[in-house]
Amino acid sequence: ERGKMYKQIMHAGLTLRRRQSSKLDADGKPKYMYLIISGAKGVLEKEAERMGIQKQMVDEYKESVKNMMGGVTNVMGYEAFTCASFDKFAHSTSASFFSSLERQRIIFAKLEADLADGGAGLSLDDMLANGVFHSVFPLADARSLASLESWLWRPWNPLPLEELRLYYGENIGFYFAFMRHYVNWISFMFIPSAIVFAVQLWLRSIDNPLLPIYAITLALWS
């Protein structure tokens, strides 16, 4: 079974490396076998085309999209990727054409695609349920992670929203965008809330003359 699985992965054009864990079982053998799967640039590009993955276009092609939309500004300009139009699309980072998240999606799709479509024909969910795999997870991108961690310790710097989206995906990107919006707006009520709270402590009573004004202000703010 293992040999068949390895052949199917390599048939899909993916690169397979095996590493044994340092942890040993009761018999003194490696407890886990790690399969590290990656794909060459050409393999990823062909699979991205098969998937119809959306890629951002370079600026000169965005202009044509703006013209079609009647001169609308701030057009992101996304289009389904094709190998023949490679130069039409922007690199996700200076070091890579596909983002970390895009590479993960492409490799997962390649593993589960039918053999007839050039995939490995594996069902990862079934293999996890049957105990063939203990877990399936992407490896961290050290360069991108270091950039995000540098912001973590400097929260006064602008939020790297685009980097978060590229690394963790749209769902996490939207979460951080919402939290930035929420924190920015809630900061407006910090000083009024602090004043009302200080007056309540001073009077030793929740009721005070400022409370109705504060309640109306809070209702308008919300």
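This report covers the fold, the pockets, the aromatic contacts and a few single residues of one predicted model.

Residues are numbered from 1 along each chain as its sequence is written. Because the model is predicted, local features need pLDDT of at least 70 and side-chain atom pairs count only at pLDDT 80 or more, while totals for chains, interfaces and linings use all residues; side-chain values use heavy atoms, with hydrogens and water left out.

## Overall fold

The chain holds 10 helices and 4 strands. Both kinds of element are DSSP runs numbered from the N terminus: helices are H or I with at least four residues, strands are E with at least two. From the N terminus on, the order is α-β-β-α-β-α-β-α-α-α-α-α-α-α. The radius of gyration is 26 Å, well over the 17 Å that the globule rule gives for 222 residues, so the chain is more spread out than a compact globule. That radius is taken over C-alpha atoms, and the rule is 2.2 Å times the number of residues to the power 0.38. Along the principal axes, the C-alpha atoms fill a box of roughly 80 × 65 × 30 Å. Of the 222 residues, 27% count as buried. Buried means under 20% relative accessible area, exposed means over 50%, and partly exposed lies in between (1.4 Å probe, protein chains only).

## Pockets

Pockets are found on a 1 Å grid over the protein atoms alone: a pocket is an open set of points where a 1.4 Å probe fits, with protein on both sides within 12 Å along at least five of seven lines, and lining residues have an atom within 4 Å of a point. Points are joined across faces, edges and corners, and a volume is the space filled by probe spheres set on the points.

The largest pocket has a volume of about 1300 Å³. It is lined by 40 residues, and the closest to its centre are Leu 35, Ile 36, Ile 37, Ser 135 and Val 136. Helix H1 (2–11), strand S2 (33–39), helix H4 (100–112) and helix H5 (124–129) each give two or more residues to this lining. S2 gives the most, with 7 residues.

The second largest pocket holds about 320 Å³ of space. Of its 16 lining residues, Thr 93, Ala 95, Asp 141, Arg 143 and Ser 144 are the closest to the centre. H4, helix H6 (142–152) and helix H7 (161–168) each supply at least two residues of the lining. H6 gives the most, with 4 residues.

The table splits both linings by class. Ala, Val, Leu, Ile, Met, Phe, Trp, Tyr, Cys and Pro count as nonpolar, Asp, Glu, Lys and Arg as charged, and the others, Gly among them, as polar.

| Pocket | Nonpolar | Polar | Charged |
|---|---|---|---|
| Largest pocket | 23 residues | 9 residues | 8 residues |
| Second largest pocket | 5 residues | 7 residues | 4 residues |

## Aromatic contacts

The count comes to 10 aromatic pairs. Rings of Phe, Tyr and Trp (its six-membered ring) pair if their centres lie within 6.5 Å; planes under 30 degrees apart count as stacked, over 60 as edge-to-face and the rest as tilted.

The rings of Phe 81 and Phe 89 have centres 5.4 Å apart and planes at 55°, so this pair is tilted. Both residues are buried. Phe 81 and Phe 97 also form a tilted pair, at 5.5 Å centre to centre and 55° between the planes. Both Phe 81 and Phe 97 lie in the loop between strand S4 (78–80) and H4, so the pair ties together parts that are 16 residues apart in sequence. Phe 81 has 1% relative accessibility, and Phe 97, also buried, has a relative accessible area of 7%.

Ring pairs link Phe 81, Phe 86, Phe 89, Phe 97 and Phe 98 into a cluster. Phe 97 has a further partner: the charged end of Lys 55 sits over its ring, 4.6 Å from the centre. The rule here is NZ of Lys or CZ of Arg within 6 Å of the ring centre and within 35 degrees of the ring normal.

## Single residues

Leu 148 is found in helix H6. It is buried, with a relative accessible area of 9%. Leu 148 and Trp 185 are 37 residues apart in sequence and 24 Å apart in space, C-alpha to C-alpha.

Ala 177 lies in helix H8 (residues 170–186). At 22% relative accessibility, Ala 177 counts as partly exposed. Ala 177 and Ile 9 are 168 residues apart in sequence, with 38 Å between their C-alpha atoms.

Arg 204 sits in the loop between helix H9 (190–203) and helix H10 (210–221). Its relative accessibility is 80%, so Arg 204 counts as exposed. Phi of Arg 204 is near 60°, a positive value in a residue other than glycine. Most residues other than glycine have a negative phi.
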